[in-house]
Amino acid sequence: MMSDQQRSPELLLVGLDIGGTKIEALAVDQELTPRARAVVATQTDSPAALVESIERAIDRALGEMDASPVQIGAIGCGIPGQVEHATGMVRNAVNLSLSRFPLGPTLSDSFGCAVVLENDVRLAAIGVYHWLRRTDPARYRALEDLVYVSIGTGLAAGLILNGRIYRGSRGMAGELGHVPLDPAGAPCNCGARGCLETTISGPGLLRQTEKALINAPQNAPQSALHT
């Protein structure tokens, strides 16, 4: 573990958005001014491969500003699935092939700094909540409750109740994607079939579009295929 005396005076903060398709790293200074950004493909073959792709994203962002990992003061990380915020444990993230993996402590050991881990959609929800109240206080000053729905590789919602992130009694609040709709439906990454995110997600919507185009009449007007 790196001591505070060894760190550069100019500390940076790094934010990570870990998705099933890509990982985005953003480095900011202590005034929260963005300094560098990098995007890499998510590797999900194993937990080690995922950690390697996360480290690659951070290294690329630091390289954009000729900075060193010793300058990182803290890392904030958003990741899909069930997360133990207090311990940094990812209990279940099916789109990343993670189950009971200590991602927070692993990254903390790698970079020698504090790591805060939270469900990505919950972080987006609290971000939207504060952004609305800050940018339009006259309209949103009284805003206390909010639901943020995210459609990406998967499907999930973030809930803000009384101005605070709501996680639920088992940390699963907002995990809409694996609500089963059709037992005979398309296979889902969780192992079940016909979950909501097999239809309402980036891959699900693409699959439906491709099917609609294949089944479209050959003499259909081109405009009808793009509506």
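**Exercise 1. Decide whether Thr106 is buried or exposed, or in between, and place it in the fold.**

Solution. Start with the accessibility: Thr106 has a relative accessible area of 22%. The classes are buried for under 20% relative accessible area, exposed for over 50%, and partly exposed in between, using a 1.4 Å probe and protein chains only. Thr106 is therefore partly exposed.

Before going on, a word on the model: it is predicted, so local features need pLDDT of at least 70 and side-chain atom pairs count only at pLDDT 80 or more, while totals for chains, interfaces and linings use all residues. Residues are numbered from 1 along each chain as its sequence is written, and side-chain values use heavy atoms, with hydrogens and water left out.

Next, the location: Thr106 sits in helix H2. Helices (H or I, at least four residues) and strands (E, at least two) are DSSP runs, numbered from the N terminus. Then look for partners, where contact means heavy atoms within 4.5 Å. Setting aside residues up to four places away in sequence, Thr106 touches Val51 and Phe101. Finally, try a distance: Arg35 is 71 residues from Thr106 along the chain, and their C-alpha atoms are separated by 25 Å.

**Exercise 2. Describe how H1 and H2 are arranged, and list the residues through which they meet.**

Solution. Two packed helices are described by the angle between their axes and the distance between the axes. Here the axes are lines fitted to C-alpha atoms, for helices over the stretch in contact, with angles running from 0 to 180 degrees between N-to-C directions.

1. Distance and angle: the axes of H1 and H2 (residues 103–111) come within 11 Å and cross at roughly 45°.
2. Class: angles under 35 degrees count as roughly parallel, over 145 as roughly antiparallel, 65 to 115 as roughly perpendicular, and the rest as oblique. H1 and H2 are therefore oblique to each other.
3. Hand: the crossing of H1 and H2 is right-handed, meaning that the near helix is turned clockwise from the far one by less than a right angle.
4. Residues: H1 contributes Val51, Ile54, Glu55, Ile58 and Asp59, which meet Leu103, Thr106, Leu107, Ser110 and Phe111 of H2.

**Exercise 3. Find the members of the largest nonpolar core that touch the most other members.**

Solution. A nonpolar core is a set of buried Ala, Val, Leu, Ile, Met, Phe, Trp, Tyr and Cys residues joined through side-chain atoms within 4.5 Å. The largest one has 35 residues, and Leu16, Ile18, Ile54, Ile58, Ile75, Ile79 and Leu103 touch the most other members. Helix H1 (residues 47–64) supplies the largest share of this core, 7 residues.

Now zoom in on Ile18: leaving aside neighbours within four places in sequence, its contacts include Ile23, Leu50, Ile54, Cys77, Ile79, Leu96 and Leu103. A second, separate core has 7 residues, among them Ala125, Leu132, Leu143 and Leu146.

**Exercise 4. Compare the surroundings of two residues, Ser53 and Arg122.**

Solution. Take Ser53 first. Ser53 is found in helix H1 and is buried, with a relative accessible area of 0%. Beyond its neighbours within four places in sequence, Ser53 is in contact with Ile23, Val40, Ala41, Thr42 and Gln43. Ala41 is 12 residues from Ser53 in sequence, and the C-alpha to C-alpha distance is 7.2 Å.

Turn to Arg122, which lies in helix H3 (residues 120–135). Arg122 is buried, with a relative accessible area of 0%. Leaving aside neighbours within four places in sequence, Arg122 is in contact with Gly158, Ile165, Tyr166, Arg167, Gly171, Met172 and Ala173.

**Exercise 5. Work out how many disulfides the structure has, then check Cys113 and Cys190.**

Solution. A disulfide is a pair of cysteine sulfur atoms within 2.5 Å. A search of the whole structure gives 0 disulfides. For Cys113, the nearest cysteine sulfur belongs to Cys77 and is 11 Å away; Cys113 counts as buried at 5% relative accessibility. For Cys190, the closest cysteine sulfur is in Cys195 at 3.7 Å, too far for a bond. Cys190 counts as partly exposed at 34% relative accessibility.

**Exercise 6. Examine phi at Ser97 and Arg100.**

Solution. Most residues other than glycine have a negative phi. Ser97, though not a glycine, has a positive phi of about 60°. Ser97 is in the loop between strand S6 (89–93) and strand S7 (98–101), and is partly exposed at 47% relative accessible area. Arg100, in strand S7, also has a positive phi, near 55°.
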